[in-house]
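Here is a walk through one small model, written for someone who would rather look at side chains than read a database entry. Keep the viewer open as you go.

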Amino acid sequence: GGLSAGQVIRIKLQGTANATNRVKISPLASDSPTAKIDNADSLLLMSPSASVDLIYLGLISGTPAFGIF
């Protein structure tokens, strides 16, 4: 909550992430409706050097939406 369309959340991993030690990014399950990330419920990062920028797109069909850039 509290985001405006166009705001960016940047996530950068440092450490031991890999194919078996993944980092899962997902919206709070208690949020209703649950936000989507590129129309998916979650995002997995599997590299210690992974990074992602999530851009808040606002409400799409009444659901909070983020795009990956």
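Arg-10 is exposed, with a relative accessible area of 62%; exposed here means over 50%, buried under 20% and partly exposed in between, using a 1.4 Å probe and protein chains only. Its salt-bridge partner is Asp-53, and the closest N and O atoms of the two sit 2.7 Å apart. A salt bridge, for our purposes, is a side-chain nitrogen of Lys or Arg within 4 Å of a carboxyl oxygen of Asp or Glu. Asp-53, at 18% relative accessible area, is buried. The pair links distant parts of the chain, with Arg-10 in strand β1 (residues 8–12) and Asp-53 in strand β5, 43 residues apart.

Before going further, keep in mind that this is a predicted model: local features need pLDDT of at least 70, side-chain atom pairs count only at pLDDT 80 or more, and totals for chains, interfaces and linings use all residues. Residues are numbered from 1 along each chain as its sequence is written, and side-chain values use heavy atoms, with hydrogens and water left out.

How many salt bridges does a search of the whole structure find? It finds two. Besides the Arg-10 pair, Lys-36 and Asp-41 meet through their side chains, at 2.4 Å from N to O. Lys-36 is partly exposed, with 26% relative accessibility.

Now for the overall layout. The chain has six strands and zero helices, so to speak a β-β-β-β-β-β run from the N terminus on. Both kinds of element are DSSP runs numbered from the N terminus: helices are H or I with at least four residues, strands are E with at least two. The C-alpha trace spans about 35 × 20 × 20 Å along its principal axes. Of the 69 residues in the chain, 26% are buried. Take the contacts (heavy atoms within 4.5 Å) with a separation of 6 or more: 56% of them in this chain join residues 24 or more positions apart.

What makes up the largest nonpolar core? It has twelve residues in all, among them Leu-13, Ile-25, Leu-43, Val-52, Leu-54, Tyr-56 and Phe-66. Such a core is a set of buried Ala, Val, Leu, Ile, Met, Phe, Trp, Tyr and Cys residues joined through side-chain atoms within 4.5 Å. β4 and β5 each supply at least two of its residues, and the largest share, three residues, comes from β5. Click on Leu-43 to see some of the packing: leaving aside neighbours within four places in sequence, Leu-43 is in contact with Val-23, Lys-24, Ile-25, Ile-37, Val-52, Leu-54 and Ile-68.

The structure also holds one aromatic pair. The ring centres of Tyr-56 and Phe-66 are 5.2 Å apart and the planes are at 55°, so the pair is tilted. The rule covers rings of Phe, Tyr and Trp (its six-membered ring) with centres within 6.5 Å; planes under 30 degrees apart are stacked, over 60 edge-to-face and the rest tilted. Tyr-56 belongs to strand β5 (residues 51–60) and Phe-66 to strand β6 (residues 63–68), so the pair ties together parts ten residues apart in sequence. Tyr-56 and Phe-66 are both buried.

Next, have a look at the loop between β3 and β4. Two of its residues have positive phi values:

| Residue | Phi | Relative accessibility |
|---|---|---|
| Asp-38 | about 50° | 47%, partly exposed |
| Asn-39 | near 70° | 70%, exposed |

Neither is a glycine. Asp-38 is found in the loop between β3 (36–37) and β4 (43–45), and Asn-39 is in the loop between β3 and β4 too.

Pro-27 sits in another loop, between β2 (23–25) and β3. Not counting residues up to four places away in sequence, Pro-27 touches Thr-34, Ala-35, Ile-37 and Asp-41. Pro-27 and Pro-64 are 37 residues apart in sequence, and their C-alpha atoms are 9.9 Å apart in space.

Finally, the surface. Leu-57, Ile-60 and Phe-69 form a nonpolar patch there, with about 330 Å² of accessible area together. Patch residues have over 30% relative accessible area and no salt bridge; nonpolar side chains (Val, Leu, Ile, Met, Phe, Trp, Tyr) are joined within 5 Å, like charges within 9 Å. Ile-60 lies in strand β5 and is partly exposed at 46% relative accessibility. The chain exposes about 4600 Å², and carbon and sulfur atoms supply 53% of it; areas come from the Shrake-Rupley method with a 1.4 Å probe, and for residues only the protein chains shown count as cover.
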